[in-house]
Amino acid sequence: MKKLINAPEDVLRDALEGMAAAHGDRVRVTFDTPVIVRIDAPVQGKVGIISGGGSGHEPMHGGFVGMGMLDAACPGEVFTSPTPDQMDAATKAVNGGAGVLHIVKNYTGDVMNFEMAAEIASAEDIEVVAVVTNDDVAVQDSLYTAGRRGVGVTVLAEKICGAAAEEGKSLQEVADICRRVNDQGRSMGMALTPCITPAAGEPNFTLGDDEMEIGIGIHGEPGRQRMKVEPAAKIVERLASAVVEDLPYNEGDEVLAFVNGMGGTPLIELYIVYNELNKFLQARGIKITRNLIGNYITSLEMAGCSITLVRLDDELTRLWDAPVDTIALRWGAR
Amino acid sequence: MTITNDAIEEWMKRFAAEVAENRSYLTKLDGAIGDGDHGTNMDRGMKKALEKLEAADGDDIGASLKTVGMALVSSVGGAAGPLYGTLFLQMGQSAAGKSELDLAGFTDALDAGIQGVIKRGKAEPGDKTMLDALGPALEALRSAGDDDVAGALSRAAEAAREGMESTVPMVARKGRASYLGERSAGHQDPGATSSHLLLKTVAEAVGSGGAAG
């Protein structure tokens with residue numbers, strides 16, 4: 001294992017100290033109970049929005065704390081869900097009297113820890129609604145699995161809900177918008193290489209030099225199929241057909257297309273993926289009206305990408321375009 | 001013969017030591033079908049639990065178990081934090097205010113803990129989880145006579161071991177291992193493995209004279 005770290009057990013703390021040092025004008029960071037909070041929280045009268053999950057997916061979630069997106073993020077150990085006290089601290093820090101939305105990715109640990117946090121908040125008379133994202137079509141949604149994983153849609157939902165909260169919408173309204181984004185969104189990812197968590201010190205799975213995993217999870221969970229690497233056009237066709245057929249997205253739909261890098265794939269390749277996705281959707285009469293391209297929900301140094309589509313309506317488009325001012329996503333502000 | 005708070009503390013020390021010793025093994029089991037952090041996370045949590053337990057005094061078994069539960073909830077994260085945390089919190093609730101437990105009292109506490117785990121994790125027997133080790137252990141305690149605490153606990157530990165081994169051919173239906181589907185068969189469940197360590201160490205702690213006559 002070669003990594004730019006001091007010691008595996010210090011990774012989270014050292015990285016958070018770096019964030020605090022770099023972005024103290026936007027966020028305040030607590031270390032003993034790790035939480036990243038918007039500098040001006042709580043915003044009185046505004047619905048607070050928090051999210052959280054294991055670390056190693058940066059910039060998600062800490063990079064999305066700021067005006068127009070999250071009020072706080074709870075970073076767990078690498079690939080390990082954060083704890084209820086982190087979520088409780090975040091909930092209290094962002095509660096401006098209008099309640100707090102918890103955006104939770106569908107992983108067993110995240111869901112259970114957020115449930116315990118919601119129980120604590122309810123005992124403290126803070127109104128909390130949790131919405132679980134589960135957009136990964138690679139997983140069969142059945143009684144025999146933990147259900148579909150929450151992936152790319154989470155980033156888009158955080159942006160759109162953040163804008164809705166800034167507009168002064170109520171907790172129920174913001175939660176409904178979050179559910180709508182999740183309902184209208186689908187994702188699928190792929191990996192060219194595995195990744196190494198600092199604590200484990202070795203790759204979490206193995207892939208031959210000429211192999212890829214289609215349907216990979218953001219912690220290296222297995223996907224649908226392991227196969228020989230193909231040209232980008234063919235790979236995009238595999239991912240995009242699974243996504244498009246699942247909802248399904250139809251001719252005439254307008255979508256937000258999100259091409260996400262897993263951390264180890266250069267932007268030049270992500271633009272090749274976007275180009276193929278655009279052609280694939282055009283051929284089916286599906287129009288990309290908004291896009292996001294880059295490394296936003298990563299899996300440490302894994303090479304690969306994911307594709308997320310969200311079907312847009314006028315309101316979702318307006319909320320997507322609204323100003324956002326976070327460490328990693330910024331437009332229309334300042 | 002009853003189980004005292006000293007025996008509970010001895011149990012926690014032994015469990016923490018077993019977890020530390022098996023840290024790499026648990027992580028390796030988890031790496032095969034999960035996300036490879038079970039040993040690391042449980043070790044971090046039990047170290048924190050022992051710190052808190054040592055700082056506390058009194059002989060209330062319920063309070064000791066709650067202290068362990070809270071420490072696990074607030075330091076483990078992942079799935080194991082809420083599940084083991086809930087197990088100890090509910091056991092603590094059941095044993096609240098008691099300075100000693102007879103076999104029936106301990107069995108009731110474990111039962112309450114397991115019910116908490118079921119409610120939190122929504123797993124059923126056969127889903128390839130910690131319940132597959134805890135459930136048989138509870139049954140063994142229930143069917144034991146009231147007179148021999150140490151013997152009953154050692155039979156429970158044996159049942160937990162068999163339960164742990166029974167997870168090998170199972171197909172996971174809960175947690176990250178469930179994404180593997182059929183590919184999860186052939187691997188022992190890491191949660192059931194740490195749960196076996198939990199039962200093994202309670203039998204050892206009580207059997208070693210941690211229990212008072």
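Reader: Which residue of strand 5 of chain A does A:S55 stand opposite?

Author: In this predicted model, strand 3 of chain A covers residues 48–55 and strand 5 of chain A covers residues 72–78. The two strands run parallel and are joined by five bridges. The residue of strand 5 that stands opposite A:S55 is A:V78.

Reader: In what order do the six strands of the open sheet that holds strands 3 and 5 of chain A lie?

Author: The edge strands of this sheet are strand 1 (27–30) and strand 7 (128–133) of chain A, each of which pairs on one side only. The twist averages 20° from one strand to the next. The pairing is mixed, and the order is 1-2-5-3-6-7.

Reader: Which strands of chain A does helix 1 of chain A touch where it packs on the sheet?

Author: Helix 1 of chain A spans residues 11–23 and packs on the sheet. Its direction makes about 150° with that of strand 5 of chain A. The strands touched by helix 1 are strand 1, strand 2 (35–38), strand 3 and strand 5 of chain A.

Reader: What angle does the direction of helix 5 of chain A make with that of strand 7 of chain A?

Author: Helix 5 of chain A, residues 171–183, also packs on this sheet. Helix 5 touches strand 6 (100–105) and strand 7 of chain A. The angle between the directions of helix 5 and strand 7 is about 5°.

Reader: Where does A:P42, which is joined to A:A41 by a cis peptide bond, lie?

Author: The bond between A:A41 and A:P42 has an omega of about -5°. A:P42 lies in the loop between strand 2 and strand 3 of chain A.

Reader: Which strands are the edge strands of the open sheet with the order 10-9-8-13-11-12 in chain A?

Author: That sheet has six strands with mixed pairing. An edge strand here pairs on one side only. The edge strands are strand 10 (225–228) and strand 12 (287–294) of chain A.

Reader: What is the bridge partner of A:L256 in strand 12 of chain A?

Author: Strand 11 of chain A, residues 254–261, runs parallel to strand 12 of chain A. Seven bridges join the two strands. The partner of A:L256 is A:R290.

Reader: What angle does the direction of helix 4 of chain A make with that of strand 13 of chain A?

Author: Helix 4 of chain A (residues 153–166) packs on the sheet that contains strand 13. The strands it touches are strand 8 (185–191), strand 11 and strand 13 (304–311) of chain A. The direction of helix 4 makes an angle with that of strand 13 of about 45°.

Reader: Which residue has a positive phi although it is not a glycine?

Author: The residue lies in the loop between strand 12 and strand 13 of chain A. Its phi is about 50°, and the residue is A:L300.

Reader: Why are helix 2 and helix 3 of chain A called oblique to each other?

Author: Helix 2 (residues 84–94) and helix 3 (residues 108–123) of chain A have axes 8 Å apart. Their crossing is right-handed. Angles under 35 degrees count as roughly parallel and 65 to 115 as roughly perpendicular. The packing angle of about 50° fits neither range, so the two helices are oblique.

Reader: How do the residues of the contact of helix 2 with helix 3 of chain A divide?

Author: Helix 2 contributes A:P84, A:M87, A:D88 and A:T91. Helix 3 contributes A:N113, A:F114, A:M116, A:A117, A:I120 and A:A121. The division is seven nonpolar, two polar and one charged.

Reader: Which element gives the largest share of the side of chain A that touches chain B?

Author: The contact takes 26 residues from chain A and 25 residues from chain B. Strand 5, helix 2 and helix 3 of chain A are the elements that give two or more residues to the side of chain A. By class, that side has eleven nonpolar, twelve polar and three charged residues. The largest share, five residues, comes from helix 3 of chain A.

Reader: How far apart are the axes of helix 2 and helix 3 of chain B?

Author: Helix 2 of chain B covers residues 23–33, and helix 3 of chain B covers residues 38–55. They pack at an angle of about 140°, which makes them oblique. Their axes are apart by 6 Å.

Reader: What ipTM does the predictor give the complex?

Author: The mean pLDDT of chain B is 93, and 97% of its residues reach 70 or more. For the complex, the predictor gives a pTM of 0.94 and an ipTM of 0.90.

Key: Residues are numbered from 1 along each chain as its sequence is written. Chains are lettered from A and ligands numbered from 1 in the order in which they are written. This is a predicted model: local features need pLDDT of at least 70, side-chain atom pairs count only at pLDDT 80 or more; totals for chains, interfaces and linings use all residues. Two strands pair if DSSP finds at least two bridges between them. Helices (H or I, at least four residues) and strands (E, at least two) are DSSP runs, numbered from the N terminus. Two residues are in contact if their C-beta atoms, placed from the backbone, lie within 7 Å. Axes are lines fitted to C-alpha atoms, for helices over the stretch in contact, and angles run from 0 to 180 degrees between N-to-C directions. pLDDT is the predictor's confidence in each residue, from 0 to 100. Angles under 35 degrees count as roughly parallel, over 145 as roughly antiparallel, 65 to 115 as roughly perpendicular and the rest as oblique. A crossing is left-handed if the near helix is turned anticlockwise from the far one by less than a right angle, and right-handed if clockwise. Ala, Val, Leu, Ile, Met, Phe, Trp, Tyr, Cys and Pro count as nonpolar, Asp, Glu, Lys and Arg as charged, and the others, Gly among them, as polar.
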